[in-house]
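The following exercises are to be worked with the sequence and the structure at hand. Each task is followed by a solution in steps.

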Amino acid sequence: MAENSLSIPDLIAKKRDDIELSPDEIKQFIQGLSNGDVQDCHVGAMLMAIYIRGMTEKEICSMTMSMRDSGERLNWPQFRGSVVDKHSTGGIGDKISIPLAPALAACGLKVPMMSGRGLGITGGTLDKLESIPGYQVQLTDEQITDLITNVGCGIISQSPKLNPADRYLYKIRDVTATVPNNALIVSSILSKKAIEDLDALVLDIKYGSAAFMKTTEAAEVLAEWLFKVSTMLGMKTCCYITEMNNPIGYCMGNAIEIQESLDLMTYKLGHSTDLEELICEQGGRLLLLINKVETIEQGREMIRNTFKNGSALQKFHDMLIGQGVSRDIAKQLISNDETIVGSILKLSDICHQGISLQAGYVESIDAFKLGTIVQRLGGGRLKPMDTLDLSVGIRLLKHVGDSIQQNEPWAILYAPADASKRYPKFLDDLNASLLVSSTPVKPLQRVYKIY
């Protein structure tokens, strides 16, 4: 400890008494996580003080930088001006990153995308990709460099050497009821992105019944903080607030969401336009942020064309091989042959249908209920160490605004044999997830606001 620095209990007392901590004091606390000066009891007390008292913009920025600097960082001087990423606060059917990363790479950008695993009912990008045999999420520094240099994109997990402070703090937040705090959320999200050495970042903050933020007001507050702090950190950032009362696209699960991602990347007839438009919007925004295009309309079309001309699909193929998938499997996955793809991305043979009880128009599909079904049947985790059943999933046959007849199927649930034992009311919840209107319903508008 420096001669004039305060003790750790004194730092906690300052925050408890609502006195702003200096950058050096925050740095001292974060460094103490690794040098032994800070114990779990100190962390719990500080987190609760922050939860109750909040933090200023200056404090959040200092905390983010200290967390970023707690371990190693990626560095891309040779690609300056073209390194981008996207982060979502999580949702049901949110597989946006999977086609987006190769689409951006096909546009000449570099995308070192560090993703996470499922949390609660929210599916994890890494879990979905691990339904592909051989896919490796943990790469060495050399492998990451080769992948980004030669392919242009990688979807990987965070190395233990990167941002260890965030993992330590989150572990304590999870058991001290301090997870839902904007200052802590902002520093956690942005410290992870800051270690990627990005030129531009898109943040997708979701609101709704199946989102962490339940209201547009709560999502706006978080978006404003994320935008302010990322700007202070020197990252060009755009924040989207998007709806998460209804699932994204048609599919929810793990292997099944890879299938849907391939449907888009092969530009298969009947692919989800809901998914396509979100990807084109957010990818186009990244192209605009780094001045690759002059307008967002040009950016959207540039991303869309990578799906139409197959260049995103080829980048996805190359990324798979770069992350451990055999050349045979990678080639088969991009073949656009349903039988071949289905033999690799296997779904459960046991199917249940959701049936509409009335004729009319689909008004809403409850993402929270459907996400809960997938989680409880094994497609998500109830405990951190749970093993996932990658074959569980739901495929929608209808979306908001579509017409529907009485007794018409609107969803297929791929379930395990012991579904009734795992979640006795799964069929009731499935059928209760559909809301039908007697009058026409407009198609879903995902984007609520852009910062």
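**Exercise 1. Helix 5 and the residue after it**

In this predicted model, G108, just after helix 5, has a positive phi of about 95 degrees.

Task: Determine how many of the 10 residues of helix 5 are buried.

Solution.
Step 1. Apply the cut-off: a residue is buried when its relative accessible area is under 20%.
Step 2. The residues of helix 5 that meet this criterion are S97, I98, P99, L100, A101, P102, A103, L104 and A105.
Step 3. Helix 5 spans residues 97–106, and 9 of its 10 residues are buried, so the rest of the structure largely encloses this helix.

**Exercise 2. The contact of domain 1 with domain 2**

Task: Describe the interface between domain 1 and domain 2 by its area, its polar pairs and the elements of domain 1 that take part.

Solution.
Step 1. Locate the parts. Domain 1 covers 8–54, domain 2 covers 84–334 and domain 3 covers 351–437. Contact between domain 1 and domain 2 involves 11 residues of the former and 12 residues of the latter.
Step 2. Assess the area. About 1,100 Å² is buried between the two domains, with 76% of it from carbon and sulfur atoms. On the side of domain 1, L33, L47 and Y51 supply 51% of the area buried against domain 2, more than any other three residues.
Step 3. Count the polar pairs. Between domain 1 and domain 2 there are 0 salt bridges and 1 residue pair in polar contact.
Step 4. Assign the elements. Helix 2 (23–35) and helix 3 (40–53) each give two or more residues to the side of domain 1 that touches domain 2. The largest share, 7 residues, comes from helix 3. By residue class, this side of domain 1 comprises 8 nonpolar, 2 polar and 1 charged.

**Exercise 3. Two salt bridges**

Task: For the pairs R80 with D197 and E281 with R285, state the separation in sequence and whether each residue is buried or partly exposed.

Solution.
Step 1. In the pair R80 and D197, the closest N and O atoms are 3.0 Å apart. R80 lies in the loop between helix 4 and strand 1, and D197 in the loop between helix 9 and strand 4, so this salt bridge ties together parts 117 residues apart in sequence.
Step 2. R80 is partly exposed at 41% relative accessible area, whereas D197 is buried at 16%.
Step 3. In the pair E281 and R285, the closest N and O atoms are 3.4 Å apart. Both residues belong to helix 12, where they stand 4 residues apart, about one helical turn.
Step 4. E281 is buried at 10%, and R285 is buried at 16%.

Conventions. Residues numbered from 1 in each chain as written. Predicted model: local features only at pLDDT ≥ 70, side-chain atom pairs only at ≥ 80, totals over all residues. Heavy atoms only, no water. Domains from an automatic or database assignment. Contact = heavy atoms within 4.5 Å. Buried area = accessible area lost by both parts, 1.4 Å probe. Salt bridge = Lys/Arg side-chain N within 4 Å of Asp/Glu carboxyl O. Polar contact = N/O pair within 3.5 Å; in protein donor to acceptor, adjacent residues only side chain to side chain. Nonpolar A, V, L, I, M, F, W, Y, C, P; charged D, E, K, R; others polar. Buried < 20%, exposed > 50% of the residue type's maximum accessible area, 1.4 Å probe, protein only.
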